[in-house]
Amino acid sequence: NSNNDDKEEIPSAKIFGVFDGHGGPEVARFCQLYLVSVLTQQPTWLEPQPLDNHNDNDNNDNPSTMDIGVALRMTFHALDRMIDAPEYR
């Protein structure tokens, strides 16, 4: 009876970003602090959906071809809302 039976498997990924401070050093720091945690809480990150390819090949059944672009867009919108919220200052 292993303790690993109760653990949820977390998908692994590497996230690289350049926080160039385009909105100022505070925005770059904000993204550094929150981007990964917000991204990994997005529904499409937690439960990826297959890419909606309109090609004739069967890549839709391949679990390695997931659309994380949706999760990234949702993350950018969430960060945009969060940066103005007083609780994150």
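This report covers the aromatic pairs, the nonpolar core, the largest pocket and two single residues of a predicted model.

**Aromatic pairs**

Three aromatic pairs are present in the structure. One of them joins F30 and Y88, whose ring centres are 6.3 Å apart and whose planes meet at 85°, so this pair is edge-to-face. F30 belongs to helix α1, residues 25-39, while Y88 sits in the segment that follows α3 (68-82), so the contact between their rings ties together parts 58 residues apart in sequence. A second pair is formed by Y34 and Y88, again edge-to-face, with 5.3 Å from centre to centre and 85° between the planes. Y34 is also placed in helix α1 and Y88 in the segment after α3, so here the parts tied together are 54 residues apart in sequence. Taken as a group, F30, Y34 and Y88 make one aromatic cluster.

The members of this cluster do not share one level of exposure. F30 is buried, with a relative accessible area of 8%, because buried means under 20%. Y34 has a relative accessible area of 23% and is partly exposed. Y88 is likewise partly exposed, at 32% relative accessibility.

The table lists relative accessibility for these residues and for two others discussed below.

| Residue | Relative accessible area | Class |
|---|---|---|
| F30 | 8% | buried |
| Y34 | 23% | partly exposed |
| Y88 | 32% | partly exposed |
| T75 | 1% | buried |
| D67 | 28% | partly exposed |

**Nonpolar core**

F30 is also a member of the largest nonpolar core, which has six residues: F30, L35, V38, A78, L79 and M82. Helices α1 and α3 are the elements that give two or more residues to this core. Leaving aside residues up to four places away in sequence, L35 touches I15, F19, T75, F76 and L79. Of these partners, L79 is itself listed in the core.

T75 is located in helix α3. T75 counts as buried, at 1% relative accessibility. With residues up to four places away in sequence again left out, the contacts of T75 are L35, V38, L39 and Q42. Two of these contacts, L35 and V38, are core members.

**Largest pocket**

The volume of the largest pocket is about 220 Å³. Its lining consists of 16 residues, and those nearest the pocket centre are V18, F19, C31, L35 and F76. L35 therefore appears both in this lining and in the largest nonpolar core. Helices α1 and α3 each contribute at least two residues to the lining. The largest share comes from α1, with four residues. Sorted by class, the lining has ten nonpolar residues, five polar residues and one charged residue.

**A loop residue**

D67 is found in the loop between α2 (43-46) and α3. At 28% relative accessibility, D67 counts as partly exposed. Which distance separates D67 and T44 in space, C-alpha to C-alpha? The distance is 7.9 Å, although D67 and T44 are 23 residues apart in sequence.

Note on methods
Residues are numbered from 1 along each chain as its sequence is written. This is a predicted model: local features need pLDDT of at least 70, side-chain atom pairs count only at pLDDT 80 or more; totals for chains, interfaces and linings use all residues. Side-chain values use heavy atoms; hydrogens and water are left out. Rings of Phe, Tyr and Trp (its six-membered ring) pair if their centres lie within 6.5 Å; planes under 30 degrees apart count as stacked, over 60 as edge-to-face and the rest as tilted. Buried means under 20% relative accessible area, exposed over 50%, partly exposed in between (1.4 Å probe, protein chains only). Contact means heavy atoms within 4.5 Å. On a 1 Å grid over the protein atoms alone, a cavity is a set of points where a 1.4 Å probe fits but cannot get out, and a pocket is an open set with protein on both sides within 12 Å along at least five of seven lines; lining residues have an atom within 4 Å of a point. Grid points are joined across faces, edges and corners, and a volume is the space filled by probe spheres set on the points. Ala, Val, Leu, Ile, Met, Phe, Trp, Tyr, Cys and Pro count as nonpolar, Asp, Glu, Lys and Arg as charged, and the others, Gly among them, as polar. A nonpolar core is a set of buried Ala, Val, Leu, Ile, Met, Phe, Trp, Tyr and Cys residues joined through side-chain atoms within 4.5 Å.
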